[in-house]
Amino acid sequence: MSVQTPDRMASLRRLLAAAAKVYQDRSRIALEVARATGLSPEGVEAGFGCLERDATDAELRLLIESAGEAERVHVILAANVFVAPLRALALALAASSSVTVRPSSRDPALTRALVAAWGDGTILVAPDRDVATVGGGEIHVYGRDSTVAAVRAAARPGVVVRGHGAGMGAAIVSQRADIDAAASAIAEDVMLFDQRGCLSPRVVIAEGNPARGEALAAALHASLERWGERVPRGVLDESERAEAAGWVQTLAFAGKAWIGRDHAVGLVTLGAPLGVPPVGRHLLVTTRKSIEEGWACLAPLSRFLVCVGTDMPGHFEATVPGVRVALLGRMQRPPLDGPVDRRSL
Amino acid sequence: MDAHRQSEELHERARAMVRAFEHGAPMPETFDALAVDLDRFQHAHVEGYARLCAARGVDPRSIVRAEQAPAVPTDAFRLARVFAFDEVEARVVFRTSGTTVPPRGVHAFRDLRAYDAAALAFGRRMLACDVEDRVPVLVLGPDEKEAIDSSLAHMCALFARAFGALESADRTFFLRGGALRVDDFRRRVSDLARTKPAIVLATSFALVHLLEAIGGEVLALPEGSRVMQTGGFKGRSREVAADDLRRAVAAAFGVDLRSVVSEYGMTELSSQLWEATLVDPRAAHGVYVEPPWMRVVPVEPETLAPVADGEVGVARIEDLANVDSAFAILALDRVRRVAGGIELLGRVPGATPRGCSIALDEMLAPPGLGR
C-alpha cells in the first residue's frame, strides 16, 4: 500500500459522500440532464440509480491501484453517460490530489453538481482549458476515439494522456438460464441511458438452438415493452431515427424483427454474421451452439467490447482480459474498482 | 416457368431497354412494367426479400408501380444473401470496400450481361459519345485481375476494352499492389499521340495521390480528352472538396473543366449515375443523371415516403438491371432531386454522440478502396 493510499481513500470516500448528496438533491438538475441527454424524465431517474454512492474498501483499493500516481490530473469529459463524471473524478482523485475537470459542454450538470458538493475548491472546473496548456501530469479524456486522438496530438510532450473511448456491450445467455429472467435483466441493461453507454448491450447471443434464440428475442421484446411503459425512451435525433429505420428494414430482410413503440429486437439465424444495431433500445439476438462459439462470433467486435453480461460470469472472468464481465441486469452497475473501460487505448 | 428461365427473360427485357436507349428507339415497355415483374420474381426467389415484403405488409401481386415495392437496405448485402439463384451458379461476386468490422457486402451475379450492357451504354453516352474511334484509355486503378471482386475495376476494364485502343494492361492500369505507378503514367501520357483524345478513369483518391505526386506539373492530355472520376475518399487520402479537385484535375491534365465528369456507382447496383457536363451544355457539375432503366427517389428516412422535389432525402435507387438481386435498394446517402437530375450530398451524418456507446459509422469506418 502506498503512503498516499489512506489520503486517497479518504478523498474517494468524500467524493462518494458528495455523490450521495447530489443524488439526494437530484431533482435540482434532473431537468437539465434530461434536456442535455435526450432521456425521458423517467430515464434520468433510472440513470441516477447507477450513480455510485458507495463502494467497499477493497474496490476503492483496486481503483487506487489502477489509477497510479500523477502530479496532477486534468479530466476532459466529452462523450459519456451522464453519471460517468463520478468515476472519472474518482480515478483522477485516486491518482492525484490536484484535479481539474473540463465538463462536457453539452451535459455539464452532474460534474458541476459533484464539484459543488465536494465543496472546498480543490477540484477546479475548467471549462475552457486548452489541452496545450496542461503542463505536466496526466490528462484523462473520455470521448470518441477521434477526440482521444485529437487530445493526444495536442498534448504537450511529457503529459500522459489516458484515453477512454467509445465501446459497446454484449450479452451471452447460457443454455441453463431462464429465458424470461435473462430477458428481463438484459432489457434493464438496455433501457438504462437508452443504450447510449459503452456498457450497454447491443448484441445478445443465446446458447442453444434457433428456437431458443427466437424465444429469447420474443421475451426481450416483451420485457422492453414493459420497460417502455415504466421508463419511456427519450428523444432520438434525426440521424438516430434514420439509422434505426434502416436497421429494422435490414433485419426484416436478414432475419426477423419485433418492433415496439420504444424499441426493436432483431433475430438472425444460426451462423449469420452479426450486424450491430444502432443505439436507442435496439438489440440483435442470434444463437450459437455453445458459449465458446458465442464468444468466437463476438471476435470481430472485440476491439469495441467493454462489457459482457452473462448468467455465468465465472465462465468468462479468466478468458476475456480487458473486458468487464457482469451478471445480466448488472452491466450498467460495475463496482467502483477502476475505469469502466479496461481496454488499453 | 422455372427461376432460371424467368431470370433469363427478365435479363433480356432489361437488355432490350438498354438497346432501345442506345439506338434512340422508344422503350419497349414502361419502367413500372419491368419493375413489377422483377419485384414478383425477387419476392419468389430471394428469401429475404419475401420476408421484407411480409414485414412491410406488401403483397407483390398487388403492386402496379415500382415505388410500391420495398427497397432492400444496402446493409442487407452484408448480412444476408441477396440473390435469386444457387450460390454455385454465381459467376462473379463483387464485394463492397472493407470495413473495420466484417462482413463486406456481397453482390453476386449469375449473368453479367445486363450489368455490362447497362454500364457500357450509359458510360459511352456520358463519357465517349463523340469518340468515334478507339482511343487510349488510362486507368488510375487496378487491373481487373488484381481486384476481381471490385465492381469498379470491372467497369473500368469494361470501358478500357470497349473504348480503348487494346493496349497491354501495363499501359492501361496504373495502380499495382495499392501503389500508383506515377512515373509509368507520366511516360504513358507523354507518349500519347496528339491526334486522338484520351480517356482517363480514376477514383478521387487516386487523383489526389497523383496530384500530390506530380506537384504542379502538367501532364497534358491530347485535345478532346476527358477524365472520369468516381468514389469518395473513404479514409484513403486527405479529403478535397469536389470543386477544388475538379479544378486541379482539369489543370493537371490541361483539359476543360466540363471534361472532368463524375460517375456514381455502388457495388449493390448494376447501373451508374453520371454528371452530364460533357454532353449537355446546360448541365451542372454536382448534378447526376440516371439512365432510363434507373431511378433515384429521395425518401424520408423513417417513413420511406418520397420527399418533394428540392428536399433532401435518403436514396431509394431503382435499377432494372439488378435482375437477380434487388431492383430497389435503400442507401444511406442523402440526395436531392433538382432541375436536370439528382444531387448527391454524401452519407447521412452519424448521430451526435450523447454517450460513450460506439456509433455505427465509427465501427464501420472503411479502410479500403472505393466500391
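**Exercise 1.** Determine whether M312(A) is buried or exposed in this predicted model.

*Solution.* M312(A) counts as buried because its relative accessibility is 17%; buried means under 20% relative accessible area, exposed over 50% and partly exposed in between, with a 1.4 Å probe and protein chains only. The residue lies in the loop between strand 11 (305–310) and helix 12 (314–317) of chain A. Helices (H or I, at least four residues) and strands (E, at least two) are DSSP runs, numbered from the N terminus. Beyond its neighbours within four places in sequence, M312(A) is in contact (heavy atoms within 4.5 Å) with S174(A), R176(A) and I291(A). Its C-alpha atom is 8.8 Å from that of A326(A), 14 residues apart along the chain.

**Exercise 2.** Trace the pairing of strands 1, 2 and 3 of chain A and the paths that link them.

*Solution.* Begin with strand 1 (residues 73–77), which pairs in the parallel sense with strand 2 (residues 99–102) over 4 bridges; two strands pair if DSSP finds at least two bridges between them. Here H74(A) faces T100(A) of strand 2. Between these strands the chain passes through helix 5 (residues 84–95) in a right-handed β-α-β crossover, that is, clockwise from the first strand over the helix to the second, with the strands pointing away from the viewer.

Next, strand 2 runs parallel to strand 3 (residues 123–125), joined by 3 bridges, and V101(A) stands opposite V125(A). The chain reaches strand 3 from strand 2 through helix 6 (residues 109–118), and this β-α-β crossover is right-handed.

**Conventions.** Residues are numbered from 1 along each chain as its sequence is written, and chains are lettered from A and ligands numbered from 1 in the order in which they are written. Local features need pLDDT of at least 70, side-chain atom pairs count only at pLDDT 80 or more, and totals for chains, interfaces and linings use all residues, while side-chain values use heavy atoms, leaving out hydrogens and water.
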